[in-house]
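Hi,

Here's the structure I said I'd pass along. Have a look through it, and then read on for my notes.

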Amino acid sequence: MIPLKELADTYSNEQLFLLQLCRLYFSGFGKTDFHDFAASQPDWQLVYKIAMAHGVRPFIYDVILKYDLDVDTGFKSRLENDHRVMLQRNMMQAILTTKITTDLKDLGITVIAYKGTALVSRYYDNIGMRESIDIDLMASRTDIGKIEDYFIASGYIPKETVPRNYLKFYQGFFKDMVYRVPKYDCNIEIHWSLLNGFAGKYPPFEFFKPHIEPYKQAYGEYAVLSPPFDFLATISNHLVTDMGTRFKYMIDIACILKKHPALLDDPVILSTAAKFGFKKRLIKGLSVVSSLTGVDIPPSCSTTINSEDLLVPLQYPVALSSLQFNNIRFLKHSLRSQDSIVNKARFLLRSFVYFFIPSYI
């Protein structure tokens, strides 16, 4: 873990405050430094904006409560309201996840819950601690048509999808379809792939399916993945596609590793990363997580990182808010993260081809 004083040239005082709270949660380290920060009269409005941009408002509120930290009253009040909203939203999403997965199971369709409310329920201290916007479900591409029929029959509103006669074409290049559930005010993303084609290859649903296990919590039961495979599914977004561009992703990964300290010893993680060409992104991302939060990682998952690597996860405004093949900043960041020159060339070629492929729009 890098000492805070060595990060003073990388982060503002407000960013350092969020990092201090993170370290308090994961290691109990930094309460004295926090009091020094609070005495310096920080810009609490800016702290709130950074926390909102990075999706960590309920997390920092929980840490403030746990350690009884003295913060601005108005700032704390706003966080308390955010925490209450997220608690209610995550409870409703857990209930909806149970309903959908149970209904689909009755239809002979297997879906796996990951990220979102499944992640916060399994790895955080309480279900209100994480900002979850969507419900993420993984399914076989052969079942997508039947799942979409179920969504339509249930009154869900199509948000990102295509007419049925274009579905097979669409599935060859993109990873999911999105429906809106008006009653619960949330989106459901049903994934047949974990990456869009321009981002590279990733293990398919069939790779994950043998590692399903039931997960029961207060709001129902649904299928999840065993921890090593759930970790691989989670980092497909956090480290492979989005490349650690939000602080929430760093906290998610740290929470998983805190709950399962020996997780990275499972050879399936590094071997899968090497096979599918995202080992560099995985190791660099894990090194940043360890450096910022203090969670331990084995030497095989560690590498040298620079100030730019450290800045991205807490940058404000968020550095790469639109991660697409037609975003120059995304292209540059992705190229730096490829495992080899061959992978760089393949990535550029795929991104170029995507300019000519029709999307759901």
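Below is what turned up, starting with the pocket and moving on to the salt bridges.

One thing to keep in mind: this is a predicted model.

**The pocket**

The largest pocket has a volume of about 1,300 Å³. It's lined by 46 residues, and if you want to find its centre, the closest ones are Lys-175, Asp-176, Glu-189, Asn-237 and Gln-324. Several elements give two or more residues to that lining: the strands β2 (134–139), β3 (157–160), β4 (176–181) and β5 (186–191), plus the helices α10 (227–241) and α11 (247–259). The largest share comes from α10, with four residues. Sorted by class, the lining has 18 nonpolar, 15 polar and 13 charged residues.

**The salt bridges**

Side chains of opposite charge can pair when their charged atoms come close. The structure holds 15 salt bridges, and here are some to look up.

Start with Arg-84 and Glu-80, whose side chains meet at 3.8 Å, N to O. Both sit in helix α5 (residues 73–106), four residues apart, which is about one turn of the helix. Are these two buried or exposed? Neither label fits: Arg-84 has 41% relative accessibility, so it counts as partly exposed, and Glu-80 lands in that class too because its value is 35%. The cut-offs behind this are under 20% for buried and over 50% for exposed.

Next is Arg-122 with Asp-230, a salt bridge at 3.3 Å, N to O. This pair links distant parts of the chain, with Arg-122 in helix α6 (residues 116–123) and Asp-230 in helix α10, 108 residues apart. Arg-122 counts as buried because its relative accessibility is 9%, and Asp-230 is buried as well, with a relative accessible area of 2%. You'll recognise α10 from the pocket, where it gives four residues to the lining.

Then there's Asp-252 with Arg-130, where the side chains meet at 2.7 Å, N to O. Here too the pair links distant parts of the chain: Asp-252 is in helix α11, Arg-130 is in the loop between α6 and β2, and their positions lie 122 residues apart in the numbering. Asp-252 and Arg-130 are both buried. Helix α11 is another of the elements that give two or more residues to the pocket lining.

Last, which residues are linked in a network of salt bridges? Look for Arg-57, Asp-82 and Glu-131.

Cheers

Technical notes: Residues are numbered from 1 along each chain as its sequence is written. This is a predicted model: local features need pLDDT of at least 70, side-chain atom pairs count only at pLDDT 80 or more; totals for chains, interfaces and linings use all residues. Side-chain values use heavy atoms; hydrogens and water are left out. On a 1 Å grid over the protein atoms alone, a cavity is a set of points where a 1.4 Å probe fits but cannot get out, and a pocket is an open set with protein on both sides within 12 Å along at least five of seven lines; lining residues have an atom within 4 Å of a point. Grid points are joined across faces, edges and corners, and a volume is the space filled by probe spheres set on the points. Ala, Val, Leu, Ile, Met, Phe, Trp, Tyr, Cys and Pro count as nonpolar, Asp, Glu, Lys and Arg as charged, and the others, Gly among them, as polar. A salt bridge is a side-chain nitrogen of Lys or Arg within 4 Å of a carboxyl oxygen of Asp or Glu. Buried means under 20% relative accessible area, exposed over 50%, partly exposed in between (1.4 Å probe, protein chains only).
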